[in-house]
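Please open the model in a viewer and keep the sequence panel visible. The tour below proceeds by selection, with a short account of what is found at each stop.

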Amino acid sequence: MTNTLKQHILFDLDDTLIHCNKYFGLVLGEFFELVHHWLGHEKLSTDEIRQKQIEIDVAQVSKTGFSSGNFPNSLIETYRYFCRKLNRPIHLEEEQQLNKLGLSVYEQEVEPYPGMVETLETLQKEGHYLYLYTGGETAIQQRKIDQMKLSTYFDNRIYITQHKNESTLEQILQRGSFDRSSTWMIGNSLRTDVVPALTAGLQSIYIKQSDEWVYNMVELQQEPGSSFYTISSIEEIPDIIDIKIKQEIKQRPLN
């Protein structure tokens, strides 16, 4: 493989390389139990509580980006909403309990997806340039990176940003002088990974998760064509990239 065929591959972190959403699900389960205990099982359904929390959470993230305060605040605001709806007093100690519960999601042990190490090692050995592009607060995301020893693969090619959208990705691409025809964005979010990548003229691999966060789900406005792939496992990535490179070689004119 000649150097011109080396690819620049940007990876998302949460729910692409490591588990994340399942921990939010576990905390939400505890939250639903608390609200039912405080306000009454017969007055509220779990689905009703879930939908209100999602509505508040998505609105906050859309406004402020990936801040650690958004999730606990969404629990507190959901609790307040239903207290008011049921004419039930709001208690400070209950809000403090919810804040602590919400923040506990960021203290979970980091767990890689199956095949994470093998996939990164394969791509590294093939000579591709690997980058990490993740949304969130620096201290929280860096802790995950350090625990997984991801600098082994990404070195200093790590971008941690409060917002993940078209303009943020464009700034990264321009600063790094990326060749867009050989640059990939890989992630589990249509909103923050796929759409910005396709808008920027990159190739994108979407890792579809079974229980995706509502914020990440958007409709693709146009048919993305051959630059877009959907997979269910990170282990499929090296083969996709290899096949794409071989296709490009075949399409090159013979001299």
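Is Cys83 buried or exposed? Cys83 is buried, because its relative accessible area is 0%; here buried means under 20% relative accessible area, exposed over 50%, and partly exposed in between, with a 1.4 Å probe and protein chains only.

Before further selections, some conventions apply. This is a predicted model, in which local features need pLDDT of at least 70 and side-chain atom pairs count only at pLDDT 80 or more, while totals for chains, interfaces and linings use all residues. Residues are numbered from 1 along each chain as its sequence is written, and side-chain values use heavy atoms, with hydrogens and water left out.

**Cysteines**

Select Cys20 next: at 13% relative accessibility, Cys20 is buried. The structure holds zero disulfides, a disulfide being a pair of cysteine sulfur atoms within 2.5 Å.

**The sheet**

Switch to a cartoon view and colour the strands. Six strands form an open sheet with parallel pairing, in the order 3-2-1-4-5-6. Strands (E, at least two residues) and helices (H or I, at least four residues) are DSSP runs numbered from the N terminus, and two strands pair if DSSP finds at least two bridges between them. In general, strands of a sheet pair through backbone hydrogen bonds, either parallel or antiparallel.

The edges are strand 3 (158-161) and strand 6 (228-231), each of which pairs on one side only. From one strand to the next, the twist averages 20 degrees; axes are lines fitted to C-alpha atoms, for helices over the stretch in contact, and angles run from 0 to 180 degrees between N-to-C directions.

Select strand 1 (residues 8-11) and strand 2 (residues 129-135), which run parallel and are joined by four bridges. Within this pair, Leu10 stands opposite Tyr131 of strand 2. Then add helix 10 (residues 237-251), which packs on the sheet and touches strand 1, strand 4 (183-187), strand 5 (203-207) and strand 6. The direction of helix 10 makes about 155 degrees with that of strand 5. Contact means heavy atoms within 4.5 Å.

**Strand 4**

Isolate strand 4. Five of its five residues are buried, so strand 4 is largely enclosed by the rest of the structure. In a regular strand, side chains alternate between the two faces of the sheet. Here Thr183, Met185 and Gly187 point one way, whereas Trp184 and Ile186 point the other way.

Which residue of strand 4 is the bridge partner of Ile9? The partner is Trp184, and strand 1 and strand 4 pair in the parallel sense over four bridges. Strand 4 also pairs with strand 5, again parallel and over four bridges, with Ser204 of strand 5 as the bridge partner of Met185.

**Helix 9**

Move to helix 9 (residues 190-199), where Thr192 is found. Thr192 counts as buried, because its relative accessibility is 4%. Its side chain makes a polar contact of 2.9 Å with the side chain of Ser189. A polar contact is a pair of N or O atoms within 3.5 Å; within protein, one must be able to donate a hydrogen and the other to accept it, and residues adjacent in sequence count only if both atoms are side-chain atoms.

**Salt bridges**

Show the charged side chains. The structure holds 11 salt bridges, each a side-chain nitrogen of Lys or Arg within 4 Å of a carboxyl oxygen of Asp or Glu.

Select Lys22 and Glu111, whose closest N and O atoms are 2.8 Å apart in a salt bridge. Lys22 lies in helix 1 (residues 21-39) and Glu111 in the loop between helix 4 (92-103) and helix 5 (116-125), so the pair ties together parts that are 89 residues apart in sequence. Lys22, at 39% relative accessibility, is partly exposed, as is Glu111 at 31%.

Keep Glu111 displayed and add His19, which lies in the loop between strand 1 and helix 1. His19 is buried, with a relative accessible area of 17%. Leaving aside neighbours within four places in sequence, His19 is in contact with Glu111, Pro112 and Tyr113.

Proceed to helix 2 (residues 46-64), where Glu55 and Lys52 are three residues apart and therefore separated by about one helical turn. Their side chains meet in a salt bridge (3.2 Å, N to O). Glu55 is partly exposed at 48%, whereas Lys52 is buried at 14%.

For the last stop, select Asp12, Lys164 and Asp193, which are joined into one network by salt bridges that share partners.
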